[in-house]
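Colleague: Please take a close look at one part, the surroundings of the ligand. Go through the contacts first and then the elements behind them.

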Amino acid sequence: MQPAGVIVVGGGQGGFQVAASLRDEGYQGPVTVIGDEPCLPYQRPPLSKGFLTGKAQLAEIQLRPAQFYSDQRIDIMHDRVESIARSANRVRLASGRALAYEHLVLATGARPRMPSVPGAHVAGILPVRTVVDAQTLLPQLKQAKRLAVVGAGFIGLEVAVAAIEIGLEVEVLEYADRVLKRAVSAEAADYLARAEMQAGVRFRFNTAASGFVERDGRVAGVQTTVGETIAADLVVVGIGVQPNAELAQAADLAVHDGVMVNAYLSTSDPHISAIGDCARFPATYSKTPVRLESVQNAVDQARCVAARIAGRAEAYAKVPWFWSDQGANRLQIAGVAEAGDLAVVRGDVAAGKFSVFRFRDQRLTAVESINSAADHMASRKLLACAARISPEQAADTRIKLGALTIPC
Ligand SMILES: Cc1cc2nc3c(=O)[nH]c(=O)nc-3n(C[C@H](O)[C@H](O)[C@H](O)COP(=O)(O)OP(=O)(O)OC[C@H]3O[C@@H](n4cnc5c(N)ncnc54)[C@H](O)[C@@H]3O)c2cc1C
């Protein structure tokens, strides 16, 4: 009888990578990826960037062509996993089928949060998470004149600058007092906000959406918490995501804003792992378990789980990194900072080429590099080997960052 093999729930970045890495690791059993989107696994980052300006098409953002999956004996099923019967090691699908697994990997990602205010369900108020979302948004962007973006996080800022590029008027509402408040230092955030303003984006800070105005069945404006109405014939919402953890919760696995996993990315059931946007894991750089939303995290966690299934178990210990392209500016972040961490600038802010080094208790926690790829690569090494670097050394561009990693 054929072994039950590995079932991966979710055909996104992490789900694809588990399957591909299992084959790279020499795993010979059946590998099935069950994803509820109608297409082959693809990259999400272009959806808020080049896909909107016409620089990237669907075929180009697919992670691999169909042939790859047949060559690698990876079965891709377009279906939805409805429940997990842990006692029988089986999953039940929306189509009614039941499949047995030897190991189950939850790579279910996250879904956008939408504002729960009056009018939020009117046509023309859209999230950007999936290719279907982006395909829905694209023709509306071409027809619209005034876009309102709710939320000045990475996706909101990327969409804003893409919309300016294709000729829309753009206004961004943000409930905090600046952009990217949760994610980066004021130094890096202010630079990016200034660049967006120079491109033509208008910002309203300390302002949230309190409702949406409807005209002829479509959005016509955003009402704000400061009592104004902003005219808009299209609204993009970028106010964060919530992990798709209901499947795990219903199967009695521990869930706290994400599926809880140990250092090996295993849930409390040794036959079930969780990775990527949906997983919350212990990390040396944080007192409490973390959940990260990035391509690097999904890919590296997928590789870690595939290696364990193939017999090479290792605790997950990668330095997190992330990037965001906002028009001509590329932000790259290595590590994870907290709000109160010291910020030290290295490089030339006026020239748009600098990094912000973050420190807590004299230790480097993260580096935010703007248009400075070399700093970013060196910072990943510094963080990986927990190199000793002082704030003074970080600020001094005469000191080569690479030299500080030599003892590692
Ligand atoms: C617009 C956008 C831009 C981004 N830009 C960047 C960037 O510039 N840099 C960066 O590092 N990261 C970026 N990210 C984040 C990055 O894409 C995600 O962190 C990454 O895709 C997470 O991978 P994942 O496999 O955990 O989840 P996902 O890629 O979201 O995949 C999860 C999949 O599981 C499916 N699924 C869920 N439940 C079930 C079920 N029960 N049955 C079957 N299928 C199910 C979902 O539909 C989805 O297809 C961006 C994300 C978005 C949305």
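**The ligand and its shell**

Modeller: In this predicted model, a polar side-chain atom of Asp-277 sits 2.7 Å from an oxygen atom of the ligand. The side chain of Arg-44 places an N or O atom 2.9 Å from an oxygen atom of the ligand. Val-295 contributes through its backbone, where an N or O atom is 3.1 Å from a ligand oxygen. The ligand on its own would expose 1,000 Å², and the protein buries 95% of this area. Four elements each give two or more residues to the shell around the ligand: α1 (13-24), β2 (31-35), α9 (295-309) and β21 (321-326). The largest share comes from α1, with three residues.

There are 34 residues around the ligand, and those that come nearest are Gly-14, Asp-36, Glu-37, Lys-49 and Arg-129. Sorted by class, the shell holds 13 polar, 12 nonpolar and nine charged residues. Domain 1 (6-111 + 242-309) and domain 2 (114-239) both supply residues to the shell, so the ligand lies between these domains.

One of the shell elements, β2, is also part of an open sheet of five strands, ordered β3-β2-β1-β7-β19 and paired in parallel. The edges are β3 (74-78) and β19 (272-274); each has a single partner strand, so one side of each has no neighbour in the sheet. From one strand to the next, the twist averages 20°. The parallel strands β2 and β3 are joined by five bridges, and Ile-34 stands opposite Met-77 of β3.

How values were computed: Residues are numbered from 1 along each chain as its sequence is written. This is a predicted model: local features need pLDDT of at least 70, side-chain atom pairs count only at pLDDT 80 or more; totals for chains, interfaces and linings use all residues. Side-chain values use heavy atoms; hydrogens and water are left out. A residue is near a molecule or strand if one of its heavy atoms lies within 4 Å of it. A polar contact is a pair of N or O atoms within 3.5 Å; within protein, one must be able to donate a hydrogen and the other to accept it, and residues adjacent in sequence count only if both atoms are side-chain atoms. Accessible areas come from the Shrake-Rupley method with a 1.4 Å probe; for residues, only the protein chains shown count as cover. Ala, Val, Leu, Ile, Met, Phe, Trp, Tyr, Cys and Pro count as nonpolar, Asp, Glu, Lys and Arg as charged, and the others, Gly among them, as polar. Domain bounds come from an automatic or database domain assignment. Two strands pair if DSSP finds at least two bridges between them. Axes are lines fitted to C-alpha atoms, for helices over the stretch in contact, and angles run from 0 to 180 degrees between N-to-C directions.
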